[in-house]
Amino acid sequence: MELQVTNSPFNQEQAEVLNRLLPTLTGVQASWLSGYLAALHSSAGTAIPVQANAGNAAVSEATGSREVTILFGSQTGNCSGLAKKISKKLMDQGAQVTVSSMSDFKPNSLKKVQNLLILVSTHGEGEPPDNAISFFEFLHGKRAPQLEGMSFSVLALGDTSYEFFCQTGKDFDKRLEELGGKRLVPRMDCDVDFDEPAAEWMNSVLQALNEGNSAGNSGSQAAVISPSEGESDYSRTNPFQAEILENLNLNGRGSDRETRHVEISLEGSGLQYEPGDSLGIYPENHPNLVDDLISAMDWNPDESITVNKHGDMLLLREALLKHYEISVLTKPLLLKAAEISSNPQLNELLEAGHEQELRGYIEERDLLDLVQDYSLKGIPAQSFADILRKLPARLYSIASSSKAFPDEVHVTVRSVRYDAYGRDRYGVCSVQLAERLQSGDSLPVYIQHNPNFKLPVNPDTPIIMIGPGTGVAPFRAFLGDREESGAEGKTWLFYGDQHFSTDFLYQTEWQRWLKDGVLSRMDVAFSRDTDKKVYVQHRMLEQSRELYEWLQEGACVYVCGDEKKMAHDVHATLAAILEQEGGLSPEAATEYLLQMQQEKRYQRDVY
């Protein structure tokens with residue numbers, strides 16, 4: 001039977017999704033989904049216990065009863081995806097698994113947990129991601145219970161180019177030990193290329209649990225998950241070579257900025273996405289930087305070097321173009337460079353007491369600066385390549401709805417160019433898109449699902465979107481999706497940039513949506529068109545009464561863009577509006593916003 005709006009409690013969009021999904025399910029998948037929904041109903045929307053299915057009964061008897069709770073804190077979705085992977089492996093081995101984001105987990109049940117796995121990223125300057133804040137504060141507060149008898153392990157994701165690398169994971173690891181927990185396996189800290197260390201941690205956890213629960217079953221399978229039926233074969237570790245359909249500059253003549261609107265074909269990939277997800281693009285380094293680096297080191301560009309532990313080889317120039325990160329310096333990289341060069345000045349920079357000098361040197365410098373400033377010429381290419389990390393993908397908020405543009409994905413990318421220390425500098429991916437890729441060219445991409453930035457389930461819910469500059473990209477996807485699905489909820493967009501005449505990104509689309517009623521209201525701020533700079537937070541304050549009324553009606557608030565300045569100012573403005581219009585104290589306003597985050601009514605996609 002095909003679901004219709006008339007013969008089911010679902011709306012048209014939900015019925016269409018279910019009609020596409022249900023016929024593709026295998027018997028095992030249908031059985032699992034039935035149990036999942038039953039558990040979801042009984043748990044009233046909190047953490048979902050997932051039992052091993054009937055096909056794993058024999059495994060369960062062999063390994064004994066094991067209960068594992070997996071909590072993840074994730075800003076972009078990486079930890080969420082990894083949590084699903086290790087959950088699958090544990091269920092295959094007969095464990096009873098509870099998987100939950102930290103924001104959905106009831107902290108008071110923590111003392112009942114036997115085995116706890118924490119997967120968490122570090123956001124900003126050593127801070128927890130948004131959906132980990134409440135649990136992090138609970139665990140570090142006076143109400144945290146003693147956890148003797150609990151076994152735990154932490155997988156921490158981070159970026160060594162930031163000073164407080166994996167700090168949130170380190171904080172969780174330390175605190176759980178202070179509360180009496182015992183480490184199942186040591187914490188694993190992962191850089192941006194996290195796949196292999198994360199798999200190593202998963203295997204260690206599986207083995208430790210097996211050894212602790214079944215004396216005859218200490219081995220574990222590799223923590224590699226094949227795509228489920230219906231999923232694409234393409235992923236972060238196996239990107240799709242996608243063709244560029246359009247590559248346009250959105251800024252008008254005379255603008256100081258260049259913002260590319262790039263339309264990319266996903267035809268034949270099987271890749272699916274929703275509004276709020278991101279597109280991962282594996283870029284190439286600027287050829288000028290690569291050639292200058294090779295020249296400075298007096299290397300042979302046609303020399304073959306080994307680029308990974310599997311023994312794969314590339315010509316040096318190709319490896320520096322496509323495989324290695326050479327535009328960013330990190331402290332770990334400088335430590336390794338000091339080891340292979342024995343340069344006394346470099347060693348001095350890394351000594352205790354020179355932390356401020358080191359931070360200043362790393363900022364806005366690249367590998368060419370390092371080899372020139374510290375005379376590293378003469379180090380063999382292979383030795384130097386061995387200390388470099390893999391070139392990471394760049395994530396861009398998706399600016400299209402797949403309902404409106406089937407088999408396509410659009411991104412909005414601002415080109416980064418600046419001068420520092422006497423040389424021109426380039427954003428690796430943004431300038432490649434602006435200068436070296438045209439319609440018909442291809443580039444490797446994947447979809448980064450982000451469950452923390454999603455439209456409300458109820459299409460009648462009002463939404464407030466705050467996205468200056470390229471931060472407006474996901475809201476183009478939001479409105480395109482709501483137009484296609486016929487959502488009735490009110491929509492309000494706050495947008496800002498420098499100049500109305502040259503920098504009003506997607507202006508005609510917003511105007512059309514305003515005319516058609518898809519966009520109920522739009523307030524704009526162009527900071528360079530008046531003597532006094534005006535930003536989106538100023539427009540919010542001007543409309544504080546109505547904005548507060550929308551919040552009282554249950555509106556969801558979405559913020560996208562710069563984390564350090566814009567998102568901080570917007571957050572402070574929301575608190576000020578709650579104080580001014582709602583009569584709340586500063587403490588109560590802070591609690592109100594935290595409650596909105598926990599209810600997923602306040603979501604941020606910030607960077």
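In the predicted model, R545 is partly exposed, with a relative accessible area of 43%. Its salt-bridge partner is E549, and the closest N and O atoms of the pair lie 3.7 Å apart. E549 likewise counts as partly exposed, at 35% relative accessibility. Both residues belong to helix α20 (residues 544-552); because R545 and E549 are four residues apart in this helix, about one helical turn separates them. Elsewhere, salt bridges with shared partners connect D173, E177, R183, R187 and D189 in one network.

Across the whole structure, the search identifies 40 salt bridges. One of them joins R423 to D369, with a distance of 3.1 Å between the closest N and O atoms. This pair links distant parts of the chain, 54 residues apart: R423 is located in strand β16 (residues 423-426), and D369 in helix α13 (residues 367-373). D369 has a relative accessible area of 5%; this value is under 20%, so the residue is classed as buried. A further salt bridge is formed between the side chains of D523 and R521, at an N to O distance of 3.0 Å. In this case both D523 and R521 are buried.

Helix α20 also takes part in a helix-helix contact. The axes of α20 and helix α21 (residues 563-582) are 9 Å apart and meet at an angle of about 95°. An angle from 65 to 115 degrees counts as roughly perpendicular, and α20 is therefore roughly perpendicular to α21. On the α20 side, the contact involves S544, R545, L547, Y548 and L551, which meet L574, I577, L578, Q580, E581 and G582 of α21. By residue class, the contact of α20 with α21 comprises six nonpolar, three polar and two charged residues. R545 thus appears both in this contact and in the salt bridge with E549.

M540, in helix α19 (residues 536-542), has contacts in both of these helices. With neighbours within four places in sequence left aside, M540 is in contact with I466, F494, L547, V570, T573, L574 and I577. Of these residues, L547 in α20 and L574 and I577 in α21 also occur in the contact between those two helices. The C-alpha atoms of M540 and L574 are separated by 8.1 Å, although the two residues are 34 residues apart along the chain. The relative accessible area of M540 is 0%, and the residue is therefore buried, whereas R545 in α20 is partly exposed.

Key:
Residues numbered from 1 in each chain as written. Predicted model: local features only at pLDDT ≥ 70, side-chain atom pairs only at ≥ 80, totals over all residues. Heavy atoms only, no water. Salt bridge = Lys/Arg side-chain N within 4 Å of Asp/Glu carboxyl O. Buried < 20%, exposed > 50% of the residue type's maximum accessible area, 1.4 Å probe, protein only. Axes fitted to C-alpha atoms, helices over the stretch in contact; angles between N-to-C directions. Parallel < 35°, antiparallel > 145°, perpendicular 65-115°, else oblique. Contact = heavy atoms within 4.5 Å. Nonpolar A, V, L, I, M, F, W, Y, C, P; charged D, E, K, R; others polar.
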